[in-house]
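Trainee: I would like to learn how to read a buried strand and the core around it. Please take me through one case.

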Amino acid sequence: MIGRVLLAGVFALQFATVPAAVPAAVPAHAAPERCEPEKASPSVAESWAQKRLDVKRVWPLTMGEGVTVAVIDSGVDETHPQIRLAGKADLTNTSFRDCVGHGTAVAGIIAGQPRSDLPFYGVAPAVKLLSIKQTTTSLGDVSLLAKAIRTAADENADVINVSIQAHDQPELKSAVEYALGNDIVIVAAAGNVEKDDGSTGPAYPAAYDGVLSVGSATPNGGRSTFSNPNAVAVLGPGEGLSSTWTGKGYRSNLEGTSYAAPYVAGVAALVRSRHPQLDQLRVRRRITLTADGASGRGTGAGMVNPLLAVTTVLPSEQVAVAPPMPEPLPASVVDKVVPPDQRSIEVATAVAAGGLSLAGVAIVAWIFVPMGRRRGWRAGSSGGSGVN
């Protein structure tokens, strides 16, 4: 068995024990509603998303080293040759296997290992990847989603990917606040428009404050028609995609904000690796400020830009540091300081006094000489009040 097991015995729960009144969480652009995933293809082509983001330009600087990314989903097929897990947990008590394929695809987009014989690779292949299974089908449970977020935080994740859309629930919001309080970047799918009339409300946890909400982008950088326009921070590639799939193969033509989110989660991992001094708020801010820009509702700051997110120098992150205080002179140097020359001090004092005297004479002359000229240099009268 590859990787370590994360608290599996403690957090394993049966879906049957969850009250039916709890709203369901739905993977953004749902995976097949059955245990057996759709058949994988043995081959894969390079997608437009990989060409557009071109993350290999960033790899000389970082591939995500030292960063832990938790994937909360349907599990991950750890037998896939391009998947390398550092740990896993099963909150469904149904085994670690990915019976849907969705979680394996998300994991591949984030951290698929590069191979010379294949054109597919993940955004940040050097991260430590954790799989936290919270669903066994295309439907999940909000209570388990909240528990999965807390589990990821307790396992010291630096980035959490949530490719799930759910309803607003106090326990879910509390779990998100708990993770944010632990300085974790939460990246979540903005969700997809499911209603026939195209209307939709905000999806959670993406719509919570502090969560980096990701919408789906088309190859030209615009918003996909199915992408929920509410509370979008940035866009990631979300249609016509390829990724790893359960069964040691691949799937193509994937679409949904759930596949856009892991592209941004991978970029967040690259930023955290390159700039470990930045907290989660500044990581999110850097990603949005360096996005490609867009216009229209639901596009946020536009398509995520991995190279700019990692390399841009932001003036707001530059802190002015006062110059250090000079070191005191060593005692050996102080002892060698030559005492002042008393004779020089006396001469300097005399010269200064002479200068002051000359200045006084000049001032007196400046005042009294004009006065004497007006009087014709005659002495003044000794008394009397008459006019001479």
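What follows is a short dialogue on one strand, its pairing and its core.

Mentor: This is a predicted model, where local features need pLDDT of at least 70, side-chain atom pairs count only at pLDDT 80 or more, and totals for chains, interfaces and linings use all residues. Residues are numbered from 1 along each chain as its sequence is written, and side-chain values use heavy atoms, with hydrogens and water left out.

Trainee: Which faces of strand 9 are covered?

Mentor: In a regular strand the side chains alternate between the two faces of the sheet. Strands are DSSP E runs of at least two residues and helices are H or I runs of at least four, both numbered from the N terminus. Buried means under 20% relative accessible area, exposed over 50%, partly exposed in between (1.4 Å probe, protein chains only). In strand 9 (residues 185-189), 5 of 5 residues are buried. Val 185, Val 187 and Ala 189 lie on one side, Ile 186 and Ala 188 on the other, so to speak both faces are covered.

Trainee: Which strands pair with strand 9?

Mentor: Two strands pair if DSSP finds at least two bridges between them. Strand 7 (residues 159-162) runs parallel to strand 9 over 4 bridges, with Asn 161 partnered by Val 187. Strand 10 (residues 212-217) is also parallel, joined by 3 bridges; there Ala 189 has Val 214 as its partner.

Trainee: Which residues have the most contacts inside the largest nonpolar core?

Mentor: A nonpolar core is a set of buried Ala, Val, Leu, Ile, Met, Phe, Trp, Tyr and Cys residues joined through side-chain atoms within 4.5 Å. Here the largest has 57 residues, and Val 187 and Ile 287 have the most contacts inside it. Helix 6 (residues 257-274) gives the largest share, 11 residues.
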